[in-house]
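Dear colleague,

Please find below the structure that I am handing over to you, followed by an account of what was found in it. I would be grateful if you kept the model open while reading.

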Amino acid sequence: MNIIQQTLDQLRAADCCSYSPGGPWAAEPTALACLALEIHHERTPALRLAHQLAAAQQPDGSIGALAEHTTPAWPTSLAMLAWMACSQDDTQSTFAEEIALAVHWALATHGKPADPNPQVGHDPSILGWSWAADTHAWMEPTCMFVLALKAAGLRSHSRTRDGVRLITDRLLPTGGSNYGSTLVLGQATLPQVQSTGLAMLALAGEENNDLRVAASLDYLEHSICLETTTSSMCFGLLGLTFHGRRPPQAASFLQQAFDREMTRGTCEYKLALLALAVNEDPALFPGFLPQVIA
Amino acid sequence: MKNPEKPSSVEPFSQPSRRTLLAAGGVALAGFVGAKALGQILLPRADVFVARNQRYDGSLVQTIYDGLAACGLAPHQFAAKRVLLKPNMVEPTRRIPHMTTHPAVIIAAAEVFRGWGATVTVGEAPGHVRDTEMALVESGVAEALHDARLSFADLNYEEVAWRANRGRVSPLRGIYFPRSVCEADYVVSLPKMKTHHWVGITCSMKNFYGTLPGIKYGWPKNVLHHNGIPQTVVDINATLPKTLAIVDAIDCMEGDGPIMGSMKPMGLVLVGSSLPAVDATAARIMGLRPERVSYLQLAADRLGPIADDRITQRGENWQELVSPFQILDEPHLRNLRALPDGPLVS
């Protein structure tokens with residue numbers, strides 16, 4: 001596919017990965033770009049970005065979202081994925097220390113639980129991960145840490161299992177998910193493609209008979225179209241792909257998104273997502289990596 | 001109750017006569033009343049402009065121009081200034097257009113400030129969605145900005161800078177703002193007039209939650225919730241650069257706002273440079289009591305007036321425009337109603 005080569009060409013040269021053209025260095029785009037390069041066998045530039053993440057790691061194992069900001073540190077999860085992807089065939093265990101520190105931090109960190117509250121539909125007592133310290137756990141950071149811990153071989157760890165439970169709990173009654181709210185004062189909230197795609201990615205491989213999972217996949221299938229915006233489309237396609245429901249039009253959807261990005265000027269974050277979503281083989285994605293640490 | 005003991009020695013000359021006492025009391029009372037009156041005079045007043053019969057395909061540029069002029073704002077104040085327009089795009093979907101600021105209001109406001117020589121940027125940090133592009137497309141704002149050649153600042157992902165919290169109502173010592181906010185001379189709130197299921201009303205002050213970056217505060221900006229919604233609304237407003245409000249109150253939201261409520265057509269535009277005064281006026285029009293809205297209570301006399309007798313109405317009088325909004329039948333919302341039989345909805 002043409003867009004693979006073009007996205008990789010741009011990512012190979014990237015030194016400051018950002019959310020916008022010319023924007024500040026950020027850990028999430030760096031980790032996603034590293035992942036994308038690695039799964040497309042671009043090892044040298046992938047390692048360069050992996051080392052950037054290592055340089056940004058704090059002594060406690062965490063990585064701040066922006067350069068020179070130690071908090072919030074939710075991208076630690078994505079750095080774990082990037083390092084583990086780079087460690088698959090690495091006999092020298094280049095990032096073993098970074099991964100171990102990050103796993104330790106991830107397991108010690110959690111969103112602030114609360115007692116169930118009749119005003120909201122979800123269960124705030126389930127332990128997950130928050131965006132910022134001392135706040136509640138939300139859908140997307142929990143998905144990211146669940147993916148990272150699974151990739152680290154901690155699929156059965158209680159924190160991973162709690163995370164999976166939280167993700168399922170936050171699915172909307174009729175399928176789909178959003179930032180992590182299901183019912184507020186009795187009213188169902190609205191689903192969003194990006195969050196639902198990430199949730200489905202995190203739940204891939206789980207034995208989960210909850211009807212909301214199937215309904216969420218249906219929601220993604222019905223929602224993604226040529227006009228779907230880039231990051232939503234990419235996360236949505238990743239979610240479907242890892243449940244064996246990649247739409248036959250996926251390639252044309254991605255081409256359309258790529259063309260839009262090229263027309264208006266894009267960034268490493270979206271290029272990395274495109275390069276990841278182009279991948280049709282779930283076995284290549286680090287959520288399905290073999291266990292790389294004990 | 002124990003009687004107070006009488007003093008052992010009486011000093012008559014030191015005892016004021018009844019007449020003296022009355023006279024002194026009169027002076028003290030006059031002083032007190034005078035001080036209070038003086039205080040009232042010194043307390044800030046504000047102008048709020050309200051226009052009726054407004055339409056998205058109408059002459060919004062003229063309305064906004066008139067509103068700003070009526071509130072004492074002059075074109076030269078904006079010449080060569082950087083103006084950041086902040087619409088409400090919290091969680092847009094084409095299915096609920098009355099949730100978000102209509103693109104026509106954004107474009108009209110931009111035209112006014114551009115015409116006055118300002119550099120105009122539109123910026124937003126959607127609170128519930130990480131895909132800002134989706135928020136722009138679903139709200140119709142992307143297309144409108146493209147057509148008007150207006151730049152957009154994604155406030156969720158920009159570089160950030162810390163500013164000391166000038167409000168000091170919440171425990172937050174400081175607040176992170178995105179670069180576009182820090183560099184703006186004026187930040188103009190362009191909210192949608194809506195009910196809010198937690199705080200009663202969301203208008204120009206609450207809309208400024210969307211000036212804070214998700215990259216620091218998350219999606220939603222839960223740090224703010226944990227430090228108190230009313231308190232952080234006031235702190236953010238106190239810490240921003242100069243602010244103005246231009247309210248899209250044409251097609252509003254009632255009931256389960258700010259996301260899932262029903263459309264309530266009002267055909268109004270509100271303008272003002274005192275955001276508490278603008279929001280208090282909006283609340284009155286919606287049939288709510290601003291002095292019972294927690295963040296307006298806190299903002300009153302800190303950031304601007306909310307009392308009706310300290311707000312000078314320009315354009316239309318709000319009293320003639322009142323049309324009570326349905327609010328959720330919840331204990332924390334019922335007492336916000338101006339009338340005990342104001343409309344409730346489950």
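Among the contacts in chain A between residues at least 6 apart in sequence, 65% join residues at least 24 apart. Please bear in mind that this is a predicted model. Of the 294 residues in chain A, 55% are buried.

The overall dimensions of chain A may be considered next. The C-alpha trace spans about 50 × 45 × 35 Å along its principal axes. A compact globule of 294 residues would have a radius of gyration near 19 Å, and the 18 Å of chain A agrees with this.

As to secondary structure, chain A contains 12 helices and two strands. Their order along the sequence is α-α-α-α-α-α-α-β-β-α-α-α-α-α.

Two pairs of helices in chain A deserve a description.

The first pair to be described is α2 (residues 27–39) and α4 (residues 76–86) of chain A, whose axes come within 8 Å and cross at roughly 25°. Angles under 35 degrees count as roughly parallel, and α2(A) and α4(A) are therefore roughly parallel to each other. Their crossing is left-handed. On the side of α2(A), the residues that take part are A:A27, A:E28, A:A31, A:L32, A:C34, A:L35, A:E38 and A:I39. They meet A:L78, A:A79, A:L81, A:A82, A:A85 and A:C86 of α4(A). By class, this contact of α2(A) with α4(A) comprises 12 nonpolar and two charged residues, with no polar ones.

The other pair is α8 (residues 193–203) and α10 (residues 230–241) of chain A. The axes of these two helices come within 7 Å and cross at roughly 30°, and α8(A) and α10(A) are therefore also roughly parallel to each other. The crossing of α8(A) and α10(A) is left-handed. Among the residues that make the contact are A:V193, A:L198 and A:L201 of α8(A), together with A:F235, A:L238 and A:L240 of α10(A). The contact of α8(A) with α10(A) has seven nonpolar, seven polar and no charged residues.

Finally, how many residues does each chain bring to the contact between chain A and chain B? Chain B gives 29 residues and chain A gives 27. In chain B, the elements that supply two or more residues to the side touching chain A are α4 (132–139), α7 (214–217) and α8 (222–226). That side of chain B consists of 13 nonpolar, six polar and 10 charged residues.

Yours sincerely

Definitions and conventions. Residues numbered from 1 in each chain as written. Chains lettered and ligands numbered in written order. Predicted model: local features only at pLDDT ≥ 70, side-chain atom pairs only at ≥ 80, totals over all residues. Helix = DSSP H or I, 4+ residues; strand = E, 2+ residues; numbered from the N terminus. Rg over C-alpha atoms; globule rule 2.2 N^0.38 Å. Buried ≥ 20, exposed ≤ 12 C-beta atoms within 10 Å, placed from the backbone. Contact = placed C-beta atoms within 7 Å. Nonpolar A, V, L, I, M, F, W, Y, C, P; charged D, E, K, R; others polar. Axes fitted to C-alpha atoms, helices over the stretch in contact; angles between N-to-C directions. Parallel < 35°, antiparallel > 145°, perpendicular 65-115°, else oblique. Left-handed = near helix turned anticlockwise from the far one by under 90°.
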